[in-house]
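Welcome! Please have a look at the structure below, and then use this briefing as a guided tour through it.

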Amino acid sequence: MPTAASATQGRPRTSVARGRVSRSPSLVFVAILAVLTAAAVNLPLVYLFLRAAQQGVSGYASVVFSTSTARLTVRTLGLVFGVVATATPLAVTLAWVVTRTDLPGRRFWAATAALPLVFPSYVAALTFVASFGPRGYLQRLLEDFGIERLPDFAYGFSGALLVLTLYTYPYIFLLTVAGLRSLDATTEEASRSLGCGRWRTFFSAVLPQLLPAMAPGALLVTLYTLADFGAVSIVRYNTFTMAIYNAYQALFDRSIAASLATVLVVLTASFIVLEIWFLSHLRPARLGASRPARAIPLGKWRGPVMAGVAGLSLINVWVPVAVLLSWSVRGLGRGSSVAEAGWSALNSLGVALPTAVLAVALSLPIAVWAVRVASIPARVTQALSFAGYALPGLVVGLALVFVTLRLIPVLYQSLTILTAAYVIRFLPEAISASRSSLATLAPTFEEAAKALGGSPWRVFRTVTLPLIKPGLLAGSGLVFLTTMKELPATLILRPTGFDTLATVIWSAASEGIYSRAALPAICLLAVSFFPVYLLIIRPSLRESPS
Amino acid sequence: MTGGTVAPPILEIEGLEVSYGRVGAVRQVDLTIDGPGITALVGPSGCGKTTLLRAIAGFEVPASGSVRIAGVTVAGNGSWVPPESRRVGMVFQDGALFPHLTVRDNVGYGLRGIPDAAERVSDVLSRVGIANLAGRYPDQLSGGQQQRVALARALGPAPRLVLLDEPFVSLDATLRGRVRDQARQILEASAVCAVLVTHDQEEALSFADRVAVMTGGKIMQIGSPEEIYHRPVSVEVARFIGDGHLMPCTVTSGRFSSEFGEATCQATDGPGLLFVRPEDLSVVRWSQGRGVPGTVVERRFFGHDVLDSVVLASGLRVEVRSLSSATVPVGSPVRLTLKERTYRVFSSSG
């Protein structure tokens, strides 16, 4: 998982190696490329603030300090805190169950618990509302038992809270599993030999050591919730993203949308700063399990725990899949929906593939500079390139609208600018992948090739690139996946008539024609499954994290 | 054992069996520790010594047999007392300090809810000599300091029994000796009953009052360090503790005969094994007196003593430790003699 905090931690290099490398002219070229990329990525953000400033101080203040903005802030922050406060205990409990107990089929349940990552939030919200909303499948099922009305929890705050919790907790879950696996179990034994039972040991010896692993997951959930547009729109809970989108669509004056977007950017940035501050105050956990922790027998709890884990996956994985399948069977009768799904899938692939290649290519100079030189300018450039991490897709889209209209109107609503938006948004994922594969590659390979007389470019092409290829492929896979699922920036920036899987699902959902949304949603899940499983779930759940 | 006024032994283990994968199992172990003092469990890796220690602490569940601590059955005979209720302190291999707590909070961890906890923490910190480190976090301490904190933390709740699982193994050689001496003084001053697990026989002999040698999940011999070193009961114990040579001999009516000649011994008649430590042999110049002829082929100099490799006429190569002040030149013919009554003879058949 990419975090801005980890991005700034370069690997220590010997001063000899650093001095020799930084004098070479090819590295100057790399540095220039990196700085240009970082600048380009931040340009839209600058324009967003300029656009908001156009209306003058009083105009800006009247939007930012209005009661409606205050209400939006409360609603948005309320959702963020609600989701983090619900997802964290859920994720930690699940992680503990699949790593420390004798639950039968622990590996299977661990993978299942992470599967919600495959669902885009709008698909999740759609199936959730259809299953648990008024006149939904659950209610119709219960009517046979004489229950005519269900409490309406699928919409509004409770709906947004449930959907986002059920589909974002895997971020915390996977990091906590990895944390628990690498934790030295002897501190738990030390705690017990000092007279603390299982519960107190967990809360006073284990949990504090898990914080460094959990906190980045909680930040990911926070950023996901702040940026989410699809789910909150479908369950009709008004947050910043919805307000910005509505202001952009409905009003001729786009200053309001720009002003609201700046508030969202500031909120997001504050959470990142808070996270960096928090992590810097934590002591690293004791790692390197000397002996595997003994599985704790669940005993009479085995049945209930199994039912809980299975029930959860029923709600957030299997019921949605079943609902989508039944809708698509209904939709297959209409040929038009099949053709539409096919075309939109091709369009999605057509933008996602170039985005993945471009993002990884652009990430390389930044990563090479930051990892191999690790000077302050290199690290600052890398940190700046993580801007997309802090920018909700809607904000990136909006900012790019302002940039194109101001500088290059020809490109307004073109595939070029749409691809640019994706690259800005998902460049951090590519940088993280390139950076970690470069960081694990010992510089001695490159030094050996250089000693044999290879030019810098030849060394990079014949030694470095082949060795970091798996990491780069993983990075491009992640960018590809997130691009396929991206909704809000696509809605704003796509050329007229250009439909992707995400936009088809969105328009079908807003028109209430669910069967039209089903096929594209299944395509999206099918395309997502393999990269998510192979690139995120399986590596995170690997037994030995070496 | 059952006398009304006599305090029960601190630790009584009877017929303990712990299965633990292929190596490290414990088989039919009996062990009684009556009172204060340090007992070392020593043996090669995988001999089950750590498993035995963990069974005493309550981290391993025995398959059969029983463990009693101060007269209370904590495992076996249908009883099970979880580790947190055994009042057994434990010092782990690399300290296992809580990384998120200061030294003071680490030591106070086992004292929560006790009225005079703060005083007891500062008392044990000064006893262990780390009062000046109270505010630091574990990652700000050296390896030796961490182990002293770990010892202080284990002693904090005034346990009846302290278990030490290879606590010095991760320290570098120069530091190890010093930390070991300090730990020994602290344990003695606390008048506590301690069990040390180690694979280092030198550590066991110098640290403990009593040494139990384990191989293959069983305790082969228990005794004072002197007994273990000078009177090993079996070939395995002799091989494991210290250096030495085993060479074939024949025993007939209380005397053995071997390449080193004949002498009295207490072994049954038949083929036997003569066990000789390098310091049990003395090497003299060829011209001086009697002994087995040989040649010094190699010498290693250790300062106060030297280790000579001597090849005998039969081709057998033995090592002889002597004071470095009295040596013969390398390459010169010598004679070897057995010193009085320091050797052991084991019956091969037994």
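In chain B, the charged end of Arg86(B) sits over the ring of Trp80(B), at 4.7 Å from the ring centre. A second arrangement of this kind places Arg112(B) over the face of Tyr109(B), with 4.5 Å to the ring centre. Please keep in mind that this is a predicted model. The points below take you through chain B, then the aromatic pairs, and finally the nonpolar cores.

**Chain B as a whole**

- Chain B has 350 residues, and 51% of them count as buried.
- Its secondary structure is made up of 8 helices and 21 strands.
- The C-alpha trace of chain B spans about 75 × 45 × 40 Å along its principal axes.
- About 15,700 Å² of chain B is exposed, and carbon and sulfur atoms supply 50% of that area.
- Among contacts in chain B with a separation of 6 or more, 65% are between residues 24 or more positions apart.

**A covered helix in chain B**

- Helix α1 (residues 49-57) of chain B is mostly covered, with 9 of its 9 residues buried.
- Among these buried residues are Leu52(B), Leu53(B) and Ile56(B), and also Lys49(B) and Arg54(B).
- Just after α1(B) comes Gly58(B), which takes a positive phi of about 100°.

**Aromatic pairs**

- Over all chains, the structure holds 22 aromatic pairs.
- In one of them, the rings of Phe229(A) and Trp506(A) have centres 5.2 Å apart and planes at 40°, so the pair counts as tilted.
- Phe229(A) lies in the loop between α11 (198-227) and α12 (230-234) of chain A, while Trp506(A) belongs to helix α24 (residues 501-511) of chain A, so this pair ties together parts that are 277 residues apart in sequence.
- Phe229(A) is buried because its relative accessibility is 2%, under the 20% limit.
- Trp506(A) is buried too, with a relative accessible area of 14%.
- Trp457(A) and Phe460(A) form a stacked pair, with 6.2 Å from centre to centre and 25° between the planes.
- Both Trp457(A) and Phe460(A) are in helix α22 (residues 456-485) of chain A, 3 residues apart, or about one turn of the helix.
- An α-helix has 3.6 residues a turn, so residues three or four places apart point the same way.
- Is Trp457(A) buried or exposed? Trp457(A) counts as exposed, because its relative accessibility is 57%, over the 50% limit.
- Its partner Phe460(A), in contrast, is buried, with a relative accessible area of 19%.
- Ring pairs also link Trp96(A), Trp199(A), Phe202(A) and Phe203(A) into a cluster.

**Nonpolar cores**

- The largest nonpolar core has 164 residues, of which Leu48(A), Phe173(A) and Ile244(A) touch the most other members.
- Helix α9 (residues 156-182) of chain A provides the largest share of this core, 13 residues.
- Where does this core lie with respect to domain 1 and domain 2 of chain A? Domain 1 (21-54 + 336-546) and domain 2 (55-283 + 302-333) both give residues to the core, so it lies between them.
- Leaving aside its neighbours within four places in sequence, Phe173(A) is in contact with residues including Ala91(A), Leu94(A), Val98(A) and Ala114(A).
- A second, separate core of 46 residues includes Val107(B), Leu125(B), Leu141(B) and Ile186(B).

Key:
Residues are numbered from 1 along each chain as its sequence is written. Chains are lettered from A and ligands numbered from 1 in the order in which they are written. This is a predicted model: local features need pLDDT of at least 70, side-chain atom pairs count only at pLDDT 80 or more; totals for chains, interfaces and linings use all residues. Side-chain values use heavy atoms; hydrogens and water are left out. Rings of Phe, Tyr and Trp (its six-membered ring) pair if their centres lie within 6.5 Å; planes under 30 degrees apart count as stacked, over 60 as edge-to-face and the rest as tilted. Helices (H or I, at least four residues) and strands (E, at least two) are DSSP runs, numbered from the N terminus. Buried means under 20% relative accessible area, exposed over 50%, partly exposed in between (1.4 Å probe, protein chains only). A charge sits over a ring if NZ of Lys or CZ of Arg is within 6 Å of the ring centre and within 35 degrees of the ring normal. A nonpolar core is a set of buried Ala, Val, Leu, Ile, Met, Phe, Trp, Tyr and Cys residues joined through side-chain atoms within 4.5 Å. Domain bounds come from an automatic or database domain assignment. Contact means heavy atoms within 4.5 Å. Accessible areas come from the Shrake-Rupley method with a 1.4 Å probe; for residues, only the protein chains shown count as cover.
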